[in-house]
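Q: Please take a close look at one helix of this model and what surrounds it. I am new to this structure, so keep it brisk.

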Amino acid sequence: MNILVTGATSGIGQQLVLDYARQGHQVIACGRNPSALAALEAGNPQVHSIALDVTKLADCKMAFSQLPFVPDLWVFNAGVCEYIDEGELDSALVRRVMDVNFFGVVHCVEAMMPYLKEGQHVAVVSSIAGELALPRAEAYGASKAAISYLIKSLALDWHRRGVLLSLVMPGFVATPLTDKNDFSMPMMISVQEASQQIRQHLSARRRFIYLPKRFTTFLRLVALLPYGWQQKLVQRWILN
Ligand SMILES: NC(=O)c1ccc[n+]([C@@H]2O[C@H](COP(=O)([O-])OP(=O)(O)OC[C@H]3O[C@@H](n4cnc5c(N)ncnc54)[C@H](OP(=O)(O)O)[C@@H]3O)[C@@H](O)[C@H]2O)c1
């Protein structure tokens with residue numbers, strides 16, 4: 001299979017590239033960090049790298065016009081996390097997070113449109129944080145809720161094109177992104193485990209991929225409660 005992964009220079013994206021290449025797939029690793037891209041290519045003839053900043057639509061269009069092959073599976077995974085402290089809303093911070101997590105995916109999808117073919121599979125890495133309001137996550141949670149909505153809506157419109165869209169909703173995964181967190185992260189899984197679960201669910205062509213199962217099921221159940229109850233539970237667990 002031919003696969004493209006964005007955000008391939010670190011964490012989940014990097015692990016997916018290494019694992020898919022090890023399985024013999026041809027992988028295009030996209031990212032901004034040239035030395036991390038070179039390291040992925042070194043000793044991995046199945047890996048081809050392309051420099052790409054997803055916040056720039058022109059970069060995405062240029063990069064996708066130069067691919068060595070058309071991917072069967074596109075994994076739009078690049079993302080950032082920044083927290084709001086003490087509810088002090090900061091529009092510049094919100095814009096930075098939205099630029100990568102929301103518009104970054106929108107740019108990638110727009111740029112891939114000329115190469116879209118029946119039978120292809122597009123996976124977008126969102127987050128379980130988009131399904132439940134959490135403290136300090138005003139920017140990150142909103143960006144993930146927005147991209148999840150956009151992809152669910154797009155899946156309805158792409159249904160007739162024969163293109164499968166999958167949404168990946170991780171809980172906590174140990175990566176440089178979560179290394180920065182200064183709070184406890186229940187049921188966190190390793191990046192190897194995350195890659196294994198994502199690859200398994202993508203090959204089963206699942207549209208909604210929640211991992212790890214127990215933690216994300218619990219949060220999804222809380223998200224079904226009346227909002228006042230959700231708020232009380234979250235305040236009790238996290239703010240006390
Ligand atoms: N780790 C978790 O617990 C967790 C949970 C839920 C969802 N997620 C989601 O999973 C995805 C991967 O996260 P991760 O944990 O693997 O984080 P990570 O290790 O920090 O990796 C993030 C990747 O995104 C890339 N990226 C950031 N901004 C970019 C830009 N403007 N253009 C192109 N690439 C850019 C980074 O590249 P640079 O090196 O160039 O910055 C890096 O390769 C993200 O969408 C994240 O929101 C993670």
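A: Start where two helices touch. In this predicted model, V105, V106, V109 and M112 of α5 meet I147, L150, I151, L154 and W158 of α6. Sorted by class, the contact of α5 with α6 has nine nonpolar residues, no polar ones and no charged ones.

Now the geometry. Helix α5 covers residues 103-112, and its axis comes within 11 Å of the axis of α6. The two axes cross at roughly 25°. Angles under 35 degrees count as roughly parallel, so α5 is roughly parallel to α6.

Helix α6 also borders a pocket. The second largest pocket holds about 210 Å³ of space. It is lined by 13 residues, and A155, L156, H159, L165 and R207 are the closest to its centre. Two elements each give two or more residues to this lining: α6, residues 138-158, and β6, residues 164-170. The largest share comes from α6, with five residues. By class, the lining of the second largest pocket has nine nonpolar, two polar and two charged residues.

Another helix pair can be set beside this one. Helix α1, residues 11-22, packs with helix α8, residues 191-203, at an angle of about 65°. Their axes are 9 Å apart. The crossing of α1 past α8 is right-handed. On the α1 side, the contact is made by G11, I12, Q15, L16, D19 and Y20. On the α8 side, V191, Q192, S195, I198, R199 and L202 take part. This contact of α1 with α8 has six nonpolar, four polar and two charged residues.

Note on methods:
Residues are numbered from 1 along each chain as its sequence is written. This is a predicted model: local features need pLDDT of at least 70, side-chain atom pairs count only at pLDDT 80 or more; totals for chains, interfaces and linings use all residues. Side-chain values use heavy atoms; hydrogens and water are left out. On a 1 Å grid over the protein atoms alone, a cavity is a set of points where a 1.4 Å probe fits but cannot get out, and a pocket is an open set with protein on both sides within 12 Å along at least five of seven lines; lining residues have an atom within 4 Å of a point. Grid points are joined across faces, edges and corners, and a volume is the space filled by probe spheres set on the points. Helices (H or I, at least four residues) and strands (E, at least two) are DSSP runs, numbered from the N terminus. Ala, Val, Leu, Ile, Met, Phe, Trp, Tyr, Cys and Pro count as nonpolar, Asp, Glu, Lys and Arg as charged, and the others, Gly among them, as polar. Axes are lines fitted to C-alpha atoms, for helices over the stretch in contact, and angles run from 0 to 180 degrees between N-to-C directions. Angles under 35 degrees count as roughly parallel, over 145 as roughly antiparallel, 65 to 115 as roughly perpendicular and the rest as oblique. Contact means heavy atoms within 4.5 Å. A crossing is left-handed if the near helix is turned anticlockwise from the far one by less than a right angle, and right-handed if clockwise.
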